[in-house]
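Student: Could you take me closely through the surroundings of the bound molecules in this model, and then through the aromatic rings and buried polar side chains elsewhere in the chain?

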Amino acid sequence: MRTQVGIVGAGPAGLLLSHLLRLAGVESVVVEARSRDYVEHRVRAGVLEQGTVDLLVASGLGERLQREGLCHRGIELRFAGRGHRIDFAALTGKAITVYGQQEVVKDLIGAALRAGSEILFDVTDVSVHDLDSPAPRVTFHRNGVPEELQCAVIAGTDGFHGVCRPSIPPGVLATFERTYPFAWLGILAAAPPSHDELIYAYHERGFALFSMRSPEVTRLYLQVAPDENIDEWSDARIWRELHTRLETDDGWRLNEGPVLEKLLAPMRSFVVEPMQYGRLFLAGDAAHIVPPTGAKGMNLAVADVSVLARALTAFFTSGREDLLEQYSATCLARVWRAEHFSWWMTSMLHRFPDGDTFQHKLQRSQLDYVVSSRAAATSLAENYVGLPLP
Ligand code: FAD
Ligand code: DHB
């Protein structure tokens, strides 16, 4: 097979890149290790920045998003038994939209299939070759048969555990990394949300997050130990802990319902520089990871591919190489802003196992400042709703 852009990975980054390229008249083929059903039902992110929504709508993907997405004009920070609203609309004029990542993925797959584009699901043994030549290749097995995809450029959108980043020769990439001494236990519950905006709670027993997916489904997270055994968390224990950490002095109640899904998510900050080697361009989680506290991961993936789609379009339609040469630097400026914001939110809102009372006093002071100073609240708000796409 031959195409212009070989895309490895059908997550939000790979699928949106393929979509934007198709709109610009550039050919691509997406290869994905998992099944269509698996990627359409993988429950992950839920918060879309305004810039992400605007891009999806402008590229013809807004139909269901605008109908079913929940527009939120603020969030609540909750600590010491009280909630404090951060009013995004008043502080920034912008909002966020709650719409599951797997819904974005379904919309993208639907659009690709309607346009007659092929996505090769369930492929195995994917590897990338000749990255420093003008004719790189992706090889894989489909139905047990070896196949080769010849391209001019490869997009490595295969997530943190993919094959593209490790295929870059040693010594090319610089890695910057932090791990955190905790993880998140997340549940999806068939319970109507008991509040109409997200709640980020700082509690002496650890962080808790209240979110949602629809008027019928609540999404909740708890800070737990990094090596936590999920089997030790019965539904009853999870609800007890959520009630404790989210409780307020005025008797706010969290609605319970059957637990539909449970997961553990590690917390990590990770960036490689540059996001390119020869004709391989990394985008999304393949190049960088943020801890989920700032809700930035999927939004960063979208920002990367909007830059990459523009650069590839200039390359294939007018032979311009300058935008591709600037790709990594253009993305990394935004990536590091999101890295800082996610690290900052994580550090402010979690209990550190080795944290002493000095650290706790600093965290409380920071929270008090953010909810009482318009300047501090505006800084949180403008980062949360997302800085303009590059
Ligand atoms: P992925 O979604 O990981 O997609 C990569 C794809 O490549 C996958 O389909 C994978 O199967 C495929 N693949 C892997 N290896 C191969 C291979 N060898 N060959 C072929 N295909 C391969 N982000 C936010 O913006 N907001 C949030 O609210 C938020 N909350 C989160 C909550 C949780 C619990 C988690 C885990 C993440 C959250 N994130 C959030 C992060 C977000 O989900 C990721 O940043 C996002 O999925 C990145 O998209 P991607 O396309 O780069 O990578
Ligand atoms: C969700 C996930 C996040 O990481 C976050 O910061 C906010 C919401 C969610 O899954 O709804």
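Tutor: What follows goes through the ligands, then the aromatic rings, and then two polar side chains.

This is a predicted model, in which local features need pLDDT of at least 70 and side-chain atom pairs count only at pLDDT 80 or more, while totals for chains, interfaces and linings use all residues. Residues are numbered from 1 along each chain as its sequence is written, chains are lettered from A and ligands numbered from 1 in the order in which they are written, and side-chain values use heavy atoms, with hydrogens and water left out.

Let us begin with ligand 1. It is surrounded by 34 residues, of which Glu-32, Arg-42, Gln-101, Asp-285 and Met-298 are the closest; a residue is taken as near a molecule if one of its heavy atoms lies within 4 Å of it. Several polar contacts can be named here, a polar contact being a pair of N or O atoms within 3.5 Å, with the added conditions within protein that one atom must be able to donate a hydrogen and the other to accept it, and that residues adjacent in sequence count only if both atoms are side-chain atoms. Asp-285 places a polar side-chain atom 2.7 Å from an oxygen atom of ligand 1, whereas Gly-46 and Met-298 take part through the backbone, a polar backbone atom of Gly-46 being 3.2 Å from an oxygen atom of the ligand and one of Met-298 being 2.6 Å from an oxygen atom of the ligand. Of the 1000 Å² of accessible area that ligand 1 has on its own, the protein covers 88%, the areas coming from the Shrake-Rupley method with a 1.4 Å probe, and for residues only the protein chains shown count as cover. Helix H1 (12-23), strand S17 (259-273) and helix H8 (297-318) are the elements that give two or more residues to this shell, where helices (H or I, at least four residues) and strands (E, at least two) are DSSP runs numbered from the N terminus. H8 gives the most, with four residues. By class, the shell around ligand 1 has 17 nonpolar, 10 polar and seven charged residues; Ala, Val, Leu, Ile, Met, Phe, Trp, Tyr, Cys and Pro count as nonpolar, Asp, Glu, Lys and Arg as charged, and the others, Gly among them, as polar.

Ligand 2 has 14 residues around it, and the closest are Tyr-200, Ser-211, Arg-213, Tyr-221 and Pro-292. Polar side-chain atoms approach oxygen atoms of ligand 2 from Tyr-200, at 2.6 Å, and from Ser-211, at 2.6 Å, while a polar backbone atom of Thr-293 lies 3.3 Å from an oxygen atom of ligand 2. The protein covers 96% of the 290 Å² of accessible area that ligand 2 has on its own. Strand S15 (208-214) and strand S16 (217-224) each supply at least two residues of the shell, and S15 provides the largest share, three residues. Eight nonpolar, three polar and three charged residues make up the shell around ligand 2.

Tyr-200 and Tyr-221 also belong to a cluster linked by ring pairs, together with Phe-88, Trp-184, Phe-207, Phe-341, Trp-344 and Tyr-384. Rings of Phe, Tyr and Trp (its six-membered ring) pair if their centres lie within 6.5 Å, and planes under 30 degrees apart count as stacked, over 60 as edge-to-face and the rest as tilted. The structure holds 14 aromatic pairs. One of these is the edge-to-face pair of Phe-182 and Phe-352, with 5.2 Å from centre to centre and 75° between the planes. This pair links distant parts of the chain, 170 residues apart, with Phe-182 in strand S13 (residues 174-189) and Phe-352 in the loop between helix H9 (322-349) and helix H10 (357-372). Phe-182 counts as buried because its relative accessibility is 1%, the term meaning under 20% relative accessible area, with exposed over 50% and partly exposed in between (1.4 Å probe, protein chains only).

Finally, two polar side chains deserve attention. Ser-328 is placed in helix H9 and is buried at 7% relative accessibility; a polar atom of its side chain lies 2.9 Å from the backbone nitrogen of Met-275. His-288, in strand S20 (residues 288-289), is buried with a relative accessible area of 2%, and its side chain makes a polar contact with the side chain of Asp-304 (2.6 Å).
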